[in-house]
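How do two protein chains meet, and which side chains take part in the meeting? The paragraphs below take these questions in turn, beginning with individual side chains and ending away from the interface.

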There are 2 protein chains.
Amino acid sequence: MKKKIGVVLSGCGVRDGSEIHEAVLALLAIDRNNGEAICMAPNEDYPETNHLTMQETGGKRNALVEAARIARGNIRDIKEVKAAEIDALVFPGGYGAAKNLCNFAEKGAAATIQPDVARLLKEMAAAKKPILAICIAPALIAATLGKEYAPELTIGNDAGTASAINQTGSRHVDCPVTEFVIDRKNKIVSTPAYMLAGNISDTATGIEKAVKAVIDLI
Amino acid sequence: MKKKIGVVLSGCGVRDGSEIHEAVLALLAIDRNNGEAICMAPNEDYPETNHLTMQETGGKRNALVEAARIARGNIRDIKEVKAAEIDALVFPGGYGAAKNLCNFAEKGAAATIQPDVARLLKEMAAAKKPILAICIAPALIAATLGKEYAPELTIGNDAGTASAINQTGSRHVDCPVTEFVIDRKNKIVSTPAYMLAGNISDTATGIEKAVKAVIDLI
């Protein structure tokens, strides 16, 4: 039977939701490793960014409705998803991971977490089920699980972000874009993707390796 | 020097723009084959579909602004792009290819083509530069170039669409999802992708082969 891999999206676009390349490359790697992706997102509205001008518009978009574009309509409200239903959980990056799923982008180590995301992450950690965080998403994992589990993870090599991650009780480890960091004790895998990548191929290479690693941990 | 590969997007989402998986997988295959993607889209507004309910909202979104999400902001108005600047041209699928870039979805073989798309396609054909059409996008190629060039192409095996394609003067050839059709005389490559695919892996396999084939034609 296929392993069920939750994929937590936060919208559709690098500046106000999930980074689209990272999300699609994760879905491809899950399928190629004989996993079944269970896409989900919060049913909440978040500020919208125009991706041509890269300016906030003043409007809002619903993360579940927009993430449904990446999921081709096959998506669930994260509120309804329990850790018991899935074998692993994957977080693509994009600013949405740091400003919709939590407010790390604004608050750093003092971030608060979207309640359904926090609940599901804590369920996964308590059940010792593997978690993969891509790009900036490890900051979300650090802010949620840092104090209790002290996970080891990477966002690449950005000193400011690494320092904020260390302040959560987690431990940041530098990592090149085509590799990943694995915390075997906590079953947490992370890869830098577009935190470091200058092209989509390097992003894909890191995500392919990291998805295989997280599925191997199941 | 890297080959410059134009990628024509029509929005961001399978029901009202570019199919996101196909677009990202094409960008990945271009980069992995040492190409440089030049993303472009029409600067025009088209009807918006909610991808959670799959219903039209009554609102509109701008194809260039939305496609910028897939292109991570690195995108041009197709009006400004000339065939002389690029070595090949790629069209991902999604309904946007059949209802924004032209109105094939409504008019079939009698479709009219968005003027900048028609101009660029005719420039490419006249210059004997290769074209790749994915999913439903071959219908756009057929409606634009069918009468003059009688290209051979595929959208998989949908009889109704194949018949409408044949009515343009083009010739439809059935093709499985993980393969592609190549018209060497006209340098036109096509692959069925989500016209047939039941999963993202099969879509990726067909697109990887087709992108390599089109770059080899340069």
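In this predicted model, a good place to begin is Arg72(A), whose charged end sits over the ring of Tyr194(B) at 3.5 Å from the ring centre. The reverse arrangement is found as well, with the charged end of Arg72(B) placed over the ring of Tyr194(A), again 3.5 Å from its centre. Rings paired with one another are another matter, since a search of the whole structure over all chains returns 0 aromatic pairs.

Arg72(A) also takes part in a salt bridge, in which its side chain meets that of Glu19(B) with N and O 2.9 Å apart. Side chains of opposite charge can pair when their charged atoms come close. Across the interface of chain A and chain B, the rule finds 8 salt bridges, and the count of residue pairs in polar contact between these two chains, both residues being at pLDDT 80 or more, is 18.

Which elements of chain A supply the side that touches chain B? At least two residues each come from α1 (20-32), β3 (45-50), α2 (63-70) and α8 (200-216) of chain A, and the largest share, 8 residues, is that of α1(A). Sorted by class, this side of chain A holds 17 nonpolar, 9 polar and 10 charged residues.

The extent of the contact can be described by residues or by area. Chain A contributes 36 residues to the contact and chain B contributes 36 residues. The size of an interface is often given as the accessible area lost when the parts come together. Here the area buried between chain A and chain B is about 3,100 Å², with carbon and sulfur atoms giving 57% of it. Of the area that chain A buries against chain B, 25% is supplied by Leu52(A), Arg69(A) and Arg72(A), more than by any other three residues, and Arg72(A) is the residue already met over the ring of Tyr194(B).

Looking beyond the interface, a search of the whole structure finds 30 salt bridges over all chains. One within chain A joins Asp116(A) to Lys79(A), the closest N and O atoms being 3.7 Å apart. Because Asp116(A) lies in helix α5 (residues 115-126) of chain A, while Lys79(A) lies in the loop between β5 (75-77) and β6 (88-91) of chain A, the pair ties together parts that are 37 residues apart in sequence.

Conventions:
Residues are numbered from 1 along each chain as its sequence is written. Chains are lettered from A and ligands numbered from 1 in the order in which they are written. This is a predicted model: local features need pLDDT of at least 70, side-chain atom pairs count only at pLDDT 80 or more; totals for chains, interfaces and linings use all residues. Side-chain values use heavy atoms; hydrogens and water are left out. Rings of Phe, Tyr and Trp (its six-membered ring) pair if their centres lie within 6.5 Å; planes under 30 degrees apart count as stacked, over 60 as edge-to-face and the rest as tilted. A charge sits over a ring if NZ of Lys or CZ of Arg is within 6 Å of the ring centre and within 35 degrees of the ring normal. Contact means heavy atoms within 4.5 Å. Buried area is the accessible area (1.4 Å probe) that two parts lose on being put together, summed over both. A salt bridge is a side-chain nitrogen of Lys or Arg within 4 Å of a carboxyl oxygen of Asp or Glu. A polar contact is a pair of N or O atoms within 3.5 Å; within protein, one must be able to donate a hydrogen and the other to accept it, and residues adjacent in sequence count only if both atoms are side-chain atoms. Helices (H or I, at least four residues) and strands (E, at least two) are DSSP runs, numbered from the N terminus. Ala, Val, Leu, Ile, Met, Phe, Trp, Tyr, Cys and Pro count as nonpolar, Asp, Glu, Lys and Arg as charged, and the others, Gly among them, as polar.
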